[in-house]
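Thank you all for coming. I would like to walk through one model this morning, beginning with a single residue and ending with the packing of the interior.

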Amino acid sequence: MSESYASAGVDIPAAGRLKKFMARLAPTTFGPQVLAGPGPFAGLFALRGFREPVLVASCDGVGTKVKVASLLDRYDTLGYDLVHHSVNDILTLGAEPLFLLDYIAMGKLEPARIERLFQGLVAACKGVGVALLGGETAEMPGVYQEGEMDLVGFILGVVERDRVISGRDIRAGDWLLGLASSGLHTNGYSLARKVFRLEEEPAVLRKAFPPLERTLGEALLEPHRCYYDSLKSLLPRVKALAHITGGGFEGNIPRVLPRGLGARIIGGSWEVPAIFGLIQRQGAVPEAEMYRVFNMGVGMVVVASPEEGPSLLQSIPGARHIGEIIAGKGVEIV
């Protein structure tokens, strides 16, 4: 009996058709700086209009949120999660996003699922002005089980050297402004999945919970919020930005603080979305654990001087004054 790639679980013709589909959509995200996109072995992007450019790069994925999407057979929002998370990460250094590379891996190629995901990815890129320069779609039987998927993004941005947000001027007494999240964003899904026993009882995703005013699945798939448009014109007035992802306040705010400084967060100074209260009650999760795992309704923290704080509070939609910088280390929630 002769063997083939198809008998090993890899469908080359399906992959070829999918690449043609992607090659039609990706160019809709291109600007004049893209010299070559999908098709060649690599993309070409011309860097123009900067005096002393510093490239800013980041890599991240959407984690086990893909499992929730799979249980609901809904993939259109995952592209927004990937793009918005990636843009927020490089925004913390003051960077303008240039282009993104995507990596989509599955155990068995399912073109219909990937096409829906890719359409959302393209729409999200166009929404923030990021070129989808290229990527990889991998079919890997034996590595991923059938129905499983992974989604990762690699983003490149640029900032003038003298405009890099470094946090070096942060002082005790500086304000902390919290920008509202849209929900879990892309973190804490392993705990949320366990709390609701999603693998054993997937039907709960279609149940409407009164505090949410929608189904659990709709709340869990709410896309990651992007803060680029709200903040880009205000960056010269900002001392630091902390993207509140995995690890919550405790794991992310110290990443931007100089040695000898910590943060005091005032609990109750912002509205915590109902999904977090539901997770806490359903799983009897201690409050300290909630703040360690989730963003708890604050997706980005802005550090600003006491002079700039009140004006920024009025200028940034939905911003709240949630605390201050203190002498010491770590994050204190009171």
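Let me first fix a term: buried means under 20% relative accessible area, exposed means over 50%, and partly exposed lies in between, with a 1.4 Å probe and protein chains only. This is a predicted model, in which local features need pLDDT of at least 70 and side-chain atom pairs count only at pLDDT 80 or more, whereas totals for chains, interfaces and linings use all residues. Residues are numbered from 1 along each chain as its sequence is written, and side-chain values use heavy atoms, with hydrogens and water left out.

R193 has 15% relative accessibility and therefore counts as buried; it sits in helix α5, residues 189-195, where helices are DSSP runs of H or I with at least four residues, numbered from the N terminus. Setting aside residues up to four places away in sequence, R193 touches T64, K67, V68, L198 and E199, a contact being heavy atoms within 4.5 Å. With E199, the R193 side chain also forms a side-chain polar contact of 3.4 Å.

Turning to helix α3, residues 78-91, 13 of its 14 residues are buried, so α3 is largely enclosed by the rest of the structure.

What of the largest nonpolar core, and which residues touch the most other members? This core, a set of buried Ala, Val, Leu, Ile, Met, Phe, Trp, Tyr and Cys residues joined through side-chain atoms within 4.5 Å, has 96 residues, and L216, L231, F249 and I275 touch the most other members. Its largest share, eight residues, comes from helix α4, residues 111-128. A second, separate core has seven residues, including V34, F99, L133 and V158.

Notes:
Helices (H or I, at least four residues) and strands (E, at least two) are DSSP runs, numbered from the N terminus. The expected span of a helix is 1.5 Å times one less than its number of residues. A polar contact is a pair of N or O atoms within 3.5 Å; within protein, one must be able to donate a hydrogen and the other to accept it, and residues adjacent in sequence count only if both atoms are side-chain atoms.
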